[in-house]
Structures are given as C-alpha cells and as structure tokens.
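Biologist: Could you walk me through this model before I go back to the bench? I would like to ask about a few regions in turn.

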Amino acid sequence: MSALEWYAHKSLGDGIFWIQERFYESGNRANIWLVRGSEQDVVIDTGLGLRSLPEYLYSSGLLQDGGAKEDAARRPLLAVATHVHFDHSGGLYQFDRVAVHHAEAEALARGDNFETVTWLSDSEVVRAPSPGWRARQFRVQAVQPTLILQDGDVINLGDRQLTVMHMPGHSRGSICLHDKDRKILFSGDVVYDGSLIDWLPYSRISDYVGTCERLIELVDRGLVEKVLPGHFNTFGAERLFRLASNYISKAGICHKVSTFAMRSLASLALRVTNSRTSP
C-alpha cells in the first residue's frame, strides 16, 4: 500500500492540516498535525509509521507552496512528539529532525517499547500496510532526538511560534504546543474530549492535577480559544475548562486506589507483550 492510500488529510486553514491513518481503526488512532510556517514546517506527532509520512507530505503537495518549484518550496521540516507513546511516535524514525521533551528522550533513543506502551492488534489495522504484515511485528524504533525540549522553549516557524509547555500526568514527558498569537493549543494526550488516561506506566495523578490547573489558568487568562488534541475532535475553551475541572474534582483517594490497580495490570500486560515481541 502506498503512503497516498494510507493517509488522508483535511485543511483547517491558516497553514494547519489534520492528517489521519485511514486503515488504523482504533480509539488509539492519533491525530497528526502539520503546521506550516514561513521558515519551517512542523509535524506534531507521527502516528504508527506503518507507511512513510514524509512521502505522503511531499507527494500530496502539503509541503509545496502554490506555483513554486518543488525544491524551492521545501522548508526545513521538524517532527515533534507530544510524548513517546506508540500511537504518536511510531513514525518519528522517518524524519531527519526530531524533537521530544527531555523526560522521554532517553526512552525514545533506546526504543523502550514498555515506556512507549506499544499495544497493537491485527484487528485494529483493517488493511495491511504491506503483504504479510502482522501487528506482533510492530515496534517503536529507536530514534536519537535532534532537539531536546524543555518547558518554555519556543519553536520558531518564522511567521508563527509554538511555545513548549511541559504538562506531565498522562506520561512524564507529555507536552502541549501553544500558538499564543492565534490562541491555539496542540494538546497531544494531555487533554482531549474523552476520559483522560492516568493509569499507564509513568502516569502520575498528582502531576496531572497540576497540569489541569495550568490548563484552567490558560482559559481564565483568555490564552486559548481552540484545542487541537491528540485524539478525537477539536474543541474550544469552555470544553477545555470543563475537562480539566472534572479531572481535578475526581482525583481523590478512590480514584488513586483504582488507578494504582489498573496501572499494575497495564504494566504487567505491557511487559509480557513486549517481551514476546522480537525487534
């Protein structure tokens, strides 16, 4: 299967494109965002990487300015992982320039499929990307990041800037990217319109509460009007406030006890699964 078949995209306007892996039918299917700038283009998350995402970006014309020659139109391209979970980081190995938060840089560099929570089944991939492909073969490949991110760093695209916000809780290196001028938040799995997951290895409820407090502050200060999340549909400031507030209100003792049990089971299952998977 070609990259042009595997992916699909939609323009949101203002140089932002939503990209999806068409034949990965799962709640874990991540949104991939392309943000075009005057001096640099940025891909936010890369999906599973079962087909070449860079090939799709170039072949579909997403990285080419209208009327410009192909070579002249190509600006530097940076792939940024909002975190290293497999559904977001699987395609990072396809890019020459890769950025990730320092808390997860080592896990990515060694291809740690426990920390990437690699969990993929044949039933979720409804059309095999290549003959004989099986989910048990899938691994997040080791990638040496070319850019290590910290809270407050700014990724300069020329005519727009994305500010890195370290927002741990879902994972220890989770980040959001904030376009302050346009009041857009690329939130990864920090927040999306669904049940927030805090029971995976390296999830931490106390960190998540602090992150949600920070999200609420963004809303209160009028700094976010639109959220482009790692899963599901986009939403606005009112929904962001509600999602963050609801998490804080439920993060009590009972939630912590049940989450501890779920994390223990998830960790055991991931260790067994990945011990059986050959690199």
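Modeller: What follows goes through a hairpin, a helix, the nonpolar cores and the cysteines, and please keep in mind throughout that this is a predicted model.

Biologist: Okay, start with the hairpin: how do β1 and β2 pair, parallel or antiparallel?

Modeller: Strand β1, residues 7–13, runs antiparallel to strand β2, residues 16–21, and the pairing extends over six bridges. Within that pairing, F17 of β2 is the residue that stands opposite S11.

Biologist: And what about the turn, which residue there has a positive phi?

Modeller: That is D14, whose phi is positive and near 60°, in a hairpin with two residues between its strands.

Biologist: Switching to α5, which of its residues are buried?

Modeller: In α5, which spans residues 102–109, the buried residues are E104, A105, A107 and L108. Among the elements that cover them are β6 (98–101) and β7 (147–149). Just after the helix comes G111, which takes a positive phi of about 65°.

Biologist: How many residues are in the largest nonpolar core, and which have the most contacts inside it?

Modeller: The largest nonpolar core has 37 residues, and I19, L57 and L120 are those with the most contacts inside it. At least two residues of this core come from each of α1 (3–6), β2, β3 (32–35), α2 (53–59), β5 (77–80), β6 and α5. The largest share is that of α2, which supplies three residues. As a general point, nonpolar side chains in soluble globular proteins tend to be buried together.

Biologist: What does L120 touch?

Modeller: Leaving aside residues up to four places away in sequence, L120 is in contact with Y24, L48, F86, V125, W133, A135 and F138. Apart from the core that holds L120, there is another one of 24 residues, which includes V190, L196, I216 and L243.

Biologist: New topic, since I have to choose my buffers: how many disulfides are there?

Modeller: Searching the whole structure gives zero disulfides. For C176, the nearest cysteine sulfur is that of C212, which lies 9.9 Å away, whereas a disulfide would need the two sulfur atoms within 2.5 Å.

Biologist: And are those two buried or exposed?

Modeller: C176 counts as buried because its relative accessibility is 0%. C212 is also buried, with a relative accessible area of 1%.

Definitions and conventions:
Residues are numbered from 1 along each chain as its sequence is written. This is a predicted model: local features need pLDDT of at least 70, side-chain atom pairs count only at pLDDT 80 or more; totals for chains, interfaces and linings use all residues. Side-chain values use heavy atoms; hydrogens and water are left out. Two strands pair if DSSP finds at least two bridges between them. Helices (H or I, at least four residues) and strands (E, at least two) are DSSP runs, numbered from the N terminus. Buried means under 20% relative accessible area, exposed over 50%, partly exposed in between (1.4 Å probe, protein chains only). Contact means heavy atoms within 4.5 Å. A nonpolar core is a set of buried Ala, Val, Leu, Ile, Met, Phe, Trp, Tyr and Cys residues joined through side-chain atoms within 4.5 Å.
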